[in-house]
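I sat down with this one and a fresh notebook page. Here is what I looked up, in the order I got to it.

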Amino acid sequence: MLRRGLSVLGLAIREQPRIFAVAVAGSVVFGVMVIASAYVVGAVVGDVVVPAIARGSVAVGALALAAAALFGLSVLRVVGIFGRRLGAGFMQFRLQAAYRRRVTRRYLDLPLSWHQRNATGTLLSNANSDVEAAWHPIAPLPFAVGTLVMLVGAIISLFVTDWALALVGLAVFPALFTLNVVYSRRMAPRQQRAQRLRAEVSGIAHESFDGALVVKTMGREAQETARFAARTGQLRDALISVGRLRGLFDPLLETLPSLGTLAVLVVGAVRLRQGAITVTELVSVAFLFTVLAFPVRAIGWVLAELPRSVAGWERVRRVLDATGEMPYGDVTLDPADPRPATLGFADVHFAYEPAEAHLPGTQVLGEVTFTVPAGRTVALVGPTGAGKSTIASLAVRLVDARSGTVTLDGVDVRRLTAGSLAGTVALVAQVPFVFDDTVRANIALDRPGIGDEEVWAALRLAEADGFVAALPDGLDTMVGERGASLSGGQRQRLTLARALAGRPRLLVLDDATSAVDPRVEAAILAGLRSGDPDTPATSILVVAYRRATIALADEVIYLEQGRVVARGTHPELLATVPGYADLVTAYEQAEAEGEQAGGPGGPPRPYEPVIPLNSGLDVEVDR
Amino acid sequence: MTATTTTDRRQSPPTESASTWQTLRRGLALSPELRVGLAGTLALALVYMVGRVAVPVAVQQGIDRGLTVPGGPDLDVIATVVLLTTAVLVVTTTCGYLMTRRLFVVSETALANVRTRAFRHVHDLSMLHQQSERRGSLVSRVTSDVDQITQFLQWGGVLLLVNLGQLVVTTAVMLAYSWQLTLVVFAAFGPAVLVIRVLQRRLGAAYGVVRQRMGTLLAAIGESVVGAPVIRAYGIAGRTARRLDEAIDSQRRAQQRAIRISVLGSSVGELAAGLALAGVVVLGVTLGVDGTLSVGQLTAFLFLVTLFIQPVQIATEVLNEAQNAIAGWRRVLDVLDVAPDVADPGAQGRDLPAGPLDVRFAGVSFAYPGGARVLHDVDLEIVAKSRVAVVGETGSGKTTFAKLLTRLMDPSTGEVLLSGVPLRQVRFGSLRSRVVMVPQDGFLFDATVGENVRFARPELTDEQLVAAFTELGLADWLDGLPAGLDTPVGERGEALSVGERQLVALARAYVADPDLLVLDEATSAVDPATEVRLQRTLDAVTRGRTTLAIAHRLSTAQAADEVIVVDRGRIVQRGPHDELLRDPESVYALLYASWLEQTR
């Protein structure tokens, strides 16, 4: 642990060598001044005070010099403090900022498949608390390094003064050091346990407040509080055990130098009697023990932080070292081309990467081949878990196929540049995501060529102009964290407008209007299909449940368990594919059955459930 | 705490020291445990402090009586002094241990209780209030804010206590040696303390900025993680990176500003110490020449001044931390101060009469705070055991019915009555056991299917749960799960599909066995087969109970005994589905026509 911890510290020093040098220099100045002050105090007592009192008169010059020396030392100490603390602080903050940048850059660079394998909470704490923990020991590090220098200096100065007093130092300082190390070692696991429990307490609070409505409406506040209180109690006990250890070591660490001073008094008296030292030297050494006690603690602080630092660093490194970027190609589709794009899937297979290397990934798609011809609308229909959202993600290259190709206008999507891809296709996901920003920024996303006029046009097309116009600040209204100030349907229409604003040549709608009132949805779809000159010409791939949506499609692709089972127009499939007919006519069947049985819910069930109801995995890509 | 004082406190700037004391006082009042054995702890701290002055005193005694005596050092005196001092140190060290331990036990116990109380209080707040806060910030009320207080009490608190004690004891010993030199020391430190106080106030404000920037930074990181698909699909990694960098750098700059002020503060203390040492030597020598001060006493004084520097410096740093801790404490208190605006009448309340419940809205209006009215003078009666669907366009006010009926909110005017009892008078215990709402998102806890259903009634056995699923016609679905009741549902239930989450939420409502069931129908699409399964389950759950369903799918309305059509906050139509359809121009007929178009 110590070795790994020191290597993390070494890395920090290599990253910020200059500022670290400043901080250590400051710390060394401080340390040297502390030793110097002990000898100056000794000299003042022995060479100024004692003679003055003995003589009964004051030597003004010597006295002034003594006062100036004492004040001058403290000015130098202040210089040292400035260098040390500002240096250490700036170093720590710069490292934190630098690594937050690197970690978040990795988040942006790593493919979606990597994101899906990692819990949101983990990624958040990687960029936040793990980075912070990794560089936490930096704050006391220069102090500790300066203290080491100071200790060596102190021992040397002791030997210069008197070998017998130096032996007292050799006994006390290493003992102090050892006590600090033992303390840190024993503290680390207790701190870790407390940290873990803190995270758990926080987890319970998060979940419970997330589900506050359920807790409230079921009246389970007391139970939830009991659950929270139980974990809080464990945390309390863990922290009390931390406290016991501190109660044991902190006073010991303070008493040890005091005992050293007393030893100096005894040994010094003997040596004084032998005439080996002077009163000046005795006072200096006694003073030295007093002032050294505190800085030695800095070494303990660094050591105590190391395990947390190593744990944080390892989690940060896991992100930095993660591989599997999705490289983009260098082909650009003509951005000026106003015609709708053609999307092609050729023998596409897709499987999720396994959670552990030796396990097989979950096969989601196999042998998927279809085309969305330019300007046409194709509907993807299938039961939950059939792989519809995966196809939507593949079409906009959020994920790559395991085998087979996805093409846009005949070009493999993997060969396209990121810009060309984003400019050609737009995905509207099932769960709308909006940024904590204005309505305008959420739609334009700083993309070039999208001014207010284009934003309003997109809003009109998405049937969102009405509610946006009614917002207090119109386009400048802040939508709040995750769009909290908007309803689900409004958020969906906003994300739809965002997609339309970019005038995509292929629009992929992954059940993107589910929270929109049917009437509004009908108006949106009609607008997209109207073909009037204001509407961008686009090909559409739509994941659909509602029959009206399906009916608008030129072609329907019916999926079951990751395979294309049938394709054709809606009436064709209805007539020839029983699974499809069962799925899209489930309402009517249930109703008919209800009439027969005298009420809904009565047996028998006329439909065969085609859903692989639960694989234990949520296979929808966009959550 | 009354509303007035809450407002007053919010108006005063957070760095005001008066409000700091106020916060401390109120914080201590909130945790009487903190005062338990405080006198004992303080006594231990005082003894512990004696250990710190023991050495300077020993040095003084040793020098004056053992070293500078005629005839050379007297080793017997030295030995006696050292042995006595060692004995004192053993006692004081033991006291230090006992004090620290007591402090930890007391502060952790007290703050664990504060945590729990704040947690409970957040649940007691009205839904409106809960939603007006960022969820993350509510969580930090019971986690990091309380952590800050405990860390301060233990790390800072011990140090502060020890150091204040040290100041007191040191001052006492200094006075005993020489009042003149003590005055010199105070003259040097007095102005420093004033400057430090000013700096501290600025530091408090600087830390406030750091925290606020940290919040912005966390939100930016959150967006880059949660919004990963959008960022990729729209190729806006560059924009996102810019926003992240801005947040990261502005947080770093705020930290750097804060540490500058902090360093300035400790430098002032250090300079004051230098000044004090110089002054003590000058005046001390003069006094020594006059014969009022011995060499040992002057030497001891020089030691004592260093004992004075440390506490002042440490106290400065601790007070910096105190700013954070007090800000945290204030935030916790702020949460606890918010009186739940939808409060449990408690003991004065009434229980709902046994049996099926009927519902009456009497002249009910509702407006969100600071918002326009969403319901206007609604009068409505729903007979017991009838199944009613409320329909209307988004924003028509239909969801407000559900929230008023379950008393998640109170009407602005008018009254909601259940079987004749005004809702405001109903004890929550009675209300929550008899009236259950299934919210739109069907939130599940990160536990198993069984545990989620059992949430409503913890005493149910597995067999009873299975029986409940069977009664709801969900036995085959349950069997299809990998581990049946023991299948984990994942964080927020995300291992299940949206429709399956709804099924579990309905089963949970079913075992709660309410007399009035309020359903806020999910809007998220599920495939039609699951939809039909949901409808069947719904039918089984609602059978024999008064049910009010906020219907987003008109198939629910079709199946209801009665439909209530809401438009712009008013009831515009009510009656059975077939009747409402008779007027082809009516709001309902238009809604229905559009819906049919969508599903058929």
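**Entry 1: chain A, helices and strands**

I started by counting in chain A and got 21 helices and ten strands. Note to self: this is a predicted model. Next I checked how chain A is split up, and the domain assignment gives domain 1 (2-321) and domain 2 (343-576). I looked up the distance between the C-alpha centres of these two domains of chain A, and it is 55 Å.

**Entry 2: inside and outside of chain A**

How much of chain A counts as buried? I found 57% of its 623 residues in that class. The surface that chain A exposes comes to about 23,800 Å², and carbon and sulfur atoms supply 58% of that. I also looked at contacts in chain A between residues at least 6 apart in sequence: 78% of these join residues at least 24 apart.

**Entry 3: the cores**

A reminder from class: in soluble globular proteins, nonpolar side chains tend to be buried together. So I went looking for nonpolar cores. The largest one has 241 residues, and the members that touch the most other members are Trp135(A), Leu343(A), Phe345(A), Leu408(A), Leu494(A) and Leu541(A). Helix H10 (residues 279-321) of chain A gives the most to this core, with 19 residues. A second, separate core holds 40 residues, including Val214(A), Met218(A), Val489(B) and Val511(B).

I then picked Phe345(A) and listed what it touches, leaving out residues up to four places away in sequence. Among its partners I wrote down Val368(A), Phe370(A), Ile391(A), Leu394(A) and Val406(A).

**Entry 4: one serine**

Is Ser393(A) buried or exposed? Ser393(A) is buried, because its relative accessible area is 0%, and the cut-off for buried is under 20%. Ser393(A) is found in helix H11 (residues 388-395) of chain A. I also looked up its distance to Arg415(A): the two are 22 residues apart in sequence and 17 Å apart in space, C-alpha to C-alpha.

**Entry 5: where chain A meets chain B**

Now for the contact between the chains. It takes 164 residues from chain A and 162 residues from chain B. Together the two chains bury about 15,400 Å², with 67% of it on carbon and sulfur atoms.

How many salt bridges are there between chain B and chain A? I counted eight. One salt bridge I looked up joins the side chains of Arg243(B) and Asp437(A), at 2.3 Å from N to O.

**Entry 6: more salt bridges**

Side chains of opposite charge can pair when their charged atoms come close. Over all chains, the count is 42 salt bridges.

I looked at Arg376(A) and Asp554(A), whose side chains meet in a salt bridge at 3.3 Å, N to O. This pair links distant parts of the chain, 178 residues apart: Arg376(A) sits in the loop between strand S2 (363-372) and strand S3 (377-381) of chain A, and Asp554(A) in the loop between helix H18 (547-552) and strand S9 (555-560) of chain A. Arg376(A) is partly exposed at a relative accessible area of 40%, and Asp554(A) is partly exposed at 26%.

Next came Arg440(A) and Asp476(A), with a salt bridge of 2.5 Å, N to O. Arg440(A) is in helix H13 (residues 439-444) of chain A, while Asp476(A) is in the loop between helix H15 (465-470) and helix H16 (488-501), 36 residues apart. Arg440(A) counts as partly exposed at 25% relative accessibility, and Asp476(A) is partly exposed at 42%.

**Entry 7: domains of chain B**

Last stop, chain B. Chain B is divided into domain 1 (1-9 + 18-178 + 325-340), domain 2 (179-292) and domain 3 (359-599). The C-alpha centres of its domain 1 and domain 2 lie 21 Å apart. Seven residues from domain 1 of chain B and nine residues from domain 2 of chain B take part in their contact.

These two domains of chain B bury about 630 Å² between them, 56% of it on carbon and sulfur atoms. Which three residues supply the most of domain 1's share? I found Met174(B), Leu175(B) and Ser178(B), which supply 61% of the area that domain 1 of chain B buries against domain 2. I looked for salt bridges across this interface and the rule finds zero.

Methods:
Residues numbered from 1 in each chain as written. Chains lettered and ligands numbered in written order. Predicted model: local features only at pLDDT ≥ 70, side-chain atom pairs only at ≥ 80, totals over all residues. Heavy atoms only, no water. Domains from an automatic or database assignment. Helix = DSSP H or I, 4+ residues; strand = E, 2+ residues; numbered from the N terminus. Buried < 20%, exposed > 50% of the residue type's maximum accessible area, 1.4 Å probe, protein only. Contact = heavy atoms within 4.5 Å. Areas by Shrake-Rupley, 256 points an atom, 1.4 Å probe, with all protein chains shown as cover. Core = buried A, V, L, I, M, F, W, Y, C linked by side-chain atoms within 4.5 Å. Buried area = accessible area lost by both parts, 1.4 Å probe. Salt bridge = Lys/Arg side-chain N within 4 Å of Asp/Glu carboxyl O.
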